[in-house]
Amino acid sequence: MAIKKLLIANRGEIAVRIIRAARELGIVTVQVYSKADKDSLATRLADESIEIGPPQASKSYLNQAVILEAAKSAGADAIHPGYGFLAENAEFAGAVEASGLIFVGPTAQSIRLMGDKVAAREAAASAGVPTVPGSRGRLESIDEAFALVDKTGFPVMIKAAAGGGGRGIRIARSAEEFRHLMPQAQAEALAAFGDGGLYVEKLVEGARHIEVQVLGDGHDVIHCFERECSLQRRRQKVWEEAPSPSLAPAVREKLCASAVALAQAVNYRGAGTLEYLYDDRTHDFYFLEMNTRIQVEHPVTEMITGIDLVGEMIRIAGGERLRIRQHEVRVSGHSIEVRINAEDPSKNFSPNPGTVSALGVPGGDGVRFDSMLYQGYTVPPFYDSLLAKLIVHDEDRASAIRKLERALAELNVEGLATTKSLHQALTRDADVQAGRFHTAWLEPWLESHAATLAAPLPTAKVAP
Amino acid sequence: MATQQIFSPLPGIFYRKPAPDKPVYKNDGDVVADSDTIGLVEVMKSFNEVKAGAAGKILRFLAENEEPVMAGQPIAEIDV
């Protein structure tokens with residue numbers, strides 16, 4: 001059954017992105033919004049909008065009952081969860097389907113399986129996908145943990161089975177530290193997540209973050225190649241690109257095939273991303289986790305493959321089979337996305353909500369600006385700091401970096417500080433230009449370049 | 001004795017507790033030092049402590065736990 005009316009259970013730039021994709025498919029859009037988002041771009045763009053509660057996400061964008069009620073009253077036949085909020089909430093996906101609506105995403109069962117990191121590792125191992133050496137499942141005893149680290153060696157990460165987003169992770173560099181940290185980690189996991197389950201993984205130092213985009217229709221799965229997202233601050237990606245500058249062609253083939261094998265093994269439906277650590281010295285890759293939703297950085301994949309991932313996931317949710325075959329997915333050129341956040345790089349990235357007093361948007365061939373901004377818009381303080389994504393596409397990586405530098409100079413956001421100056425400095429860095437980085441590269445770089453970030457480059461003279 | 005107000009330094013969500021399952025930082029009537037934390041303001045998912053800013057006795061909180069606040073909004077009254 002094709003979708004006729006889609007409710008968007010999200011906000012910000014991704015809500016705008018979903019409205020655009022739906023409209024191109026001839027689908028009517030319904031935007032839900034909190035009191036703080038009454039004037040948001042998504043609310044203004046959508047065909048219809050419904051207020052669902054106060055600014056606090058817990059009382060609006062996370063309120064399942066109110067969102068389902070809004071879908072019913074608007075006569076929507078499907079709900080797109082975007083990313084974050086309820087996107088990876090199996091209970092919500094189940095409730096949407098139980099009320100006779102379509103959840104634009106995988107089944108509740110897939111979300112639950114991949115959301116449990118131990119179960120996801122086990123699924124990966126049985127599909128023949130390499131995982132970081134460590135416990136196969138949850139550790140039942142301290143003795144078992146010691147037997148394991150005898151094999152993996154140090155350093156190791158101790159992770160809470162129920163944790164996420166970097167929370168509940170400890171690093172032990174010796175047996176002594178390990179003995180000290182294990183009980184502490186167990187108590188903390190129990191207190192923080194109500195689940196004291198732990199697992200242990202070898203820490204691969206100097207590794208890169210590479211992820212594979214997949215699309216499935218519940219029967220077949222294809223991959224749309226990889227993205228590299230190694231430039232991270234506090235485990236948040238700030239710069240993403242496709243293809244990865246560090247993968248050898250033979251490794252790329254193996255990596256992408258492994259992602260398809262795992263997604264196929266769970267009959268995956270919709271857009272998904274399998275995240276890996278990649279050691280470019282040994283060419284080993286290790287599966288980390290699967291994100292069962294559209295990701296922030298999906299546009300770089302769209303730029304190099306020409307596939308509208310959000311459009312495809314809506315078609316699949318409406319019951320279509322995959323329209324694209326694997327051999328038709330080809331890589332053309334190079335794409336980079338940088339996240340324009342409301343954070344001040346000269347003040348240790350302190351958050352900076354405020355009113356956009358002037359806005360100059362970069363343009364030209366191969367430049368895309370996915371944003372929630374307009375002139376006069378007041379960015380509310382209640383949600384994450386992502387304002388916009390600047391995406392460029394060019395024939396190769398060096399040209400893409402030059403185009404990014406040019407586009408950044410045209411970007412003018414007045415009234416609040418943004419991360420633009422960080423990206424300008426990164427485009428000029430020799431290591432970034434050479435693709436020499438890993439997931440722990442950016443943070444020390446930020447410390448040594450504090451002075452550069454405090455004195456941003458001028459904005460090109462363009463009309464606001 | 002004079003009454004002063006403690007203002008939120010930032011816009012965001014005001015919390016009276018360090019975590020949902022923890023007790024409130026301060027109660028009405030508590031004596032505070034100027035460096036004491038009386039609450040948190042969450043701005044774009046980052047948490048910022050609100051200090052009393054003066055020694056005295058908290059008369060009452062003007063903002064509720066988990067209430068959206070503006071920068072400069074009074075969140076408590078203190079007798080100094």
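**Reading terms against values in chain A**

Tutor: Residue A:N267 sits in the loop between α9 and β12 of chain A. The model under discussion is a predicted one.

Student: What makes the phi of A:N267 notable?

Tutor: The phi of A:N267 is positive, about 50 degrees, although the residue is not a glycine. Most residues other than glycine have a negative phi. A:N267 comes just after α9(A).

Student: Why is A:N267 called partly exposed?

Tutor: Buried means under 20% relative accessible area and exposed means over 50%. The relative accessible area of A:N267 is 47%, so A:N267 is partly exposed.

Student: Which class does A:H283 belong to, and where is A:H283 found?

Tutor: With a relative accessible area of 39%, A:H283 lies between the two cut-offs and is therefore partly exposed. A:H283 is found in the loop between β12 and β13 of chain A. Its phi is also positive, near 65 degrees, and A:H283 is not a glycine.

Student: How do you know that α9(A) has the span expected of a helix?

Tutor: Helix α9 (residues 249-265) of chain A has 17 residues, and the distance from its first C-alpha to its last is 24 Å. The expected span, at 1.5 Å a residue, is 24 Å, and the value is close to that. Buried residues of α9(A) include A:V251, A:L255, A:C256 and A:L262. Among the elements that cover the buried residues of α9(A) are α5 (108-115), β9 (208-217) and β13 (284-291) of chain A.

Student: Why do A:C224 and A:C256 not count as a disulfide?

Tutor: A disulfide requires two cysteine sulfur atoms within 2.5 Å. The sulfur of A:C224 is 9.4 Å from the closest cysteine sulfur, in A:C256, so the two are too far apart for a bond. Over all chains, the count of disulfides is 0.

Student: Why are A:C224 and A:C256 called buried?

Tutor: The cut-off for buried is under 20%. A:C224 has a relative accessible area of 0% and A:C256 has 1%, so both are buried.

Student: What makes β3 and β5 of chain A edge strands?

Tutor: The open sheet has 5 strands in the order β3-β2-β1-β4-β5 (chain A), and the pairing is parallel. β3 (48-53) and β5 (102-103) of chain A each have a single partner strand, so one side of each is left without a neighbour in the sheet.

Student: How do you know that β1 and β4 of chain A are paired?

Tutor: Two strands pair if there are at least two bridges between them. Strand β1 (residues 5-8) and strand β4 (residues 78-80) of chain A are joined by 3 bridges, so they are paired. One of the positions concerned is A:L6, whose bridge partner in β4(A) is A:A78.

Student: What makes β21(A) mostly covered, and which strands are joined to β21(A)?

Tutor: In strand β21 (residues 386-394) of chain A, 8 of its 9 residues are buried. Strand β14 (residues 334-341) of chain A is joined to β21(A) by 8 bridges and runs antiparallel, while β19 (residues 367-371) of chain A pairs with β21(A) in the antiparallel sense over 5 bridges.

Student: What makes the bond between A:F154 and A:P155 cis?

Tutor: Omega is about 0 degrees for the bond joining A:F154 and A:P155, a cis peptide bond. Most peptide bonds are trans. The bond from A:A242 to A:P243 is also cis, with omega near -5 degrees.

Technical notes
Residues numbered from 1 in each chain as written. Chains lettered and ligands numbered in written order. Predicted model: local features only at pLDDT ≥ 70, side-chain atom pairs only at ≥ 80, totals over all residues. Heavy atoms only, no water. Helix = DSSP H or I, 4+ residues; strand = E, 2+ residues; numbered from the N terminus. Expected span 1.5 Å × (residues − 1). Buried < 20%, exposed > 50% of the residue type's maximum accessible area, 1.4 Å probe, protein only. Contact = heavy atoms within 4.5 Å.
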